Amino acid sequence: MQRWKRTLALPVTMVAIALGFLIALQAQTQKNVSAAEQISEQRMSQMKAVLTNSQEQNAQLQKEHQELSARLDIARKQVGTDPQLLVHLKQLQMLDGTQSVEGPGILISIDDRSNKVAFPLNTNDIATMINILKLAGAEAISINDQRVVGSTAIVLSGNSTILVNQVPVNRSEGVPYELSAIGDQATLMDYFSELEAVVLKQRGMTVSISRKSLRIPSFKGSYTFKQAKHFDSEES
């Protein structure tokens, strides 16, 4: 009888240990799911705020662009090179991205090639990062040397090639993605660190942000207006 009890004791003990492990694993899994849902809700709320502010900033930029365009038209009609008008012309060129710029800002490096990364960086991620930098007051932005302007499109070509301004930005060597943003360094650093870097790191990506004096190239594309025409409200 005692021998039978000893023989049965080991399997019973193993079953008990296995059940205990499964119960603990289930509890931890539920905890992780709850935490993930909470992060998702917080991120959704943050993105709504980012979108609202970006829309307001875009409206303001459009207004400034119209004002500068009107001044440029006046300058073209005048004879000579008025220094003040030339300054306005430079401002307009910086605004539409056709002028290279330099100044203090932040450099963001993102590596999504780790085995820990289940979902690499995608077009929505890049668009979100750009919107956050705009929200933080970035005056000029580029990704892998492609200047971000009003007409910039960020799309996926094929299965994995990301195009910015119709140019592939994926890198096979070095850091896959580098974003440059000129503006108030403390504000840019704070916004990106809090609103985006944390999420990217949770997804297993390597993210580094540094303060630098940057040079951002000009937009190499062209603006084409086929349907939109200049409208002078004073003539109507």
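Which residue follows H3, and what is the sign of its phi? The residue is glycine 137, and its phi is positive, near 95°. The exercises below treat this helix and its surroundings.

The model is predicted: local features need pLDDT of at least 70, side-chain atom pairs count only at pLDDT 80 or more, and totals for chains, interfaces and linings use all residues. Residues are numbered from 1 along each chain as its sequence is written, and side-chain values use heavy atoms, with hydrogens and water left out.

**Exercise 1. Describe helix H3 and its N-terminal end.**

Step 1. Helices (H or I, at least four residues) and strands (E, at least two) are DSSP runs, numbered from the N terminus. H3 covers residues 123-135, which is 13 residues.

Step 2. The expected span is 1.5 Å times one less than the number of residues. From first C-alpha to last, H3 reaches 18 Å, close to the 18 Å expected.

Step 3. At the N-terminal end, asparagine 122 acts as the cap: one of its side-chain oxygens lies 3.0 Å from the backbone nitrogen of asparagine 124.

Step 4. Buried means under 20% relative accessible area, exposed over 50%, and partly exposed in between (1.4 Å probe, protein chains only). Among the buried residues of H3 are Ile126, Met129, Ile130 and Leu133.

**Exercise 2. Determine the strand order of the open sheet and place H3 against it.**

Step 1. Two strands pair if DSSP finds at least two bridges between them. Three strands form the open sheet, in the order E4-E5-E6, with antiparallel pairing.

Step 2. E4 (154-157) and E6 (167-168) are the edge strands, each pairing on one side only.

Step 3. Four bridges join E4 to E5 (residues 161-164). Leucine 156 stands opposite isoleucine 162 in E5.

Step 4. H3 packs on the sheet and touches E4 and E5, where contact means heavy atoms within 4.5 Å. The direction of H3 makes about 165° with that of E4; axes are lines fitted to C-alpha atoms, for helices over the stretch in contact, and angles run from 0 to 180 degrees between N-to-C directions.

**Exercise 3. Examine the salt bridge between glutamate 102 and arginine 215.**

Step 1. A salt bridge is a side-chain nitrogen of Lys or Arg within 4 Å of a carboxyl oxygen of Asp or Glu. Glutamate 102 and arginine 215 meet at 3.0 Å, N to O.

Step 2. Glutamate 102 is in strand E1 and arginine 215 in strand E8, 113 residues apart.

Step 3. Glutamate 102 counts as exposed at 56% relative accessibility, and arginine 215 is exposed at 71%.

Conventions: A polar contact is a pair of N or O atoms within 3.5 Å; within protein, one must be able to donate a hydrogen and the other to accept it, and residues adjacent in sequence count only if both atoms are side-chain atoms.
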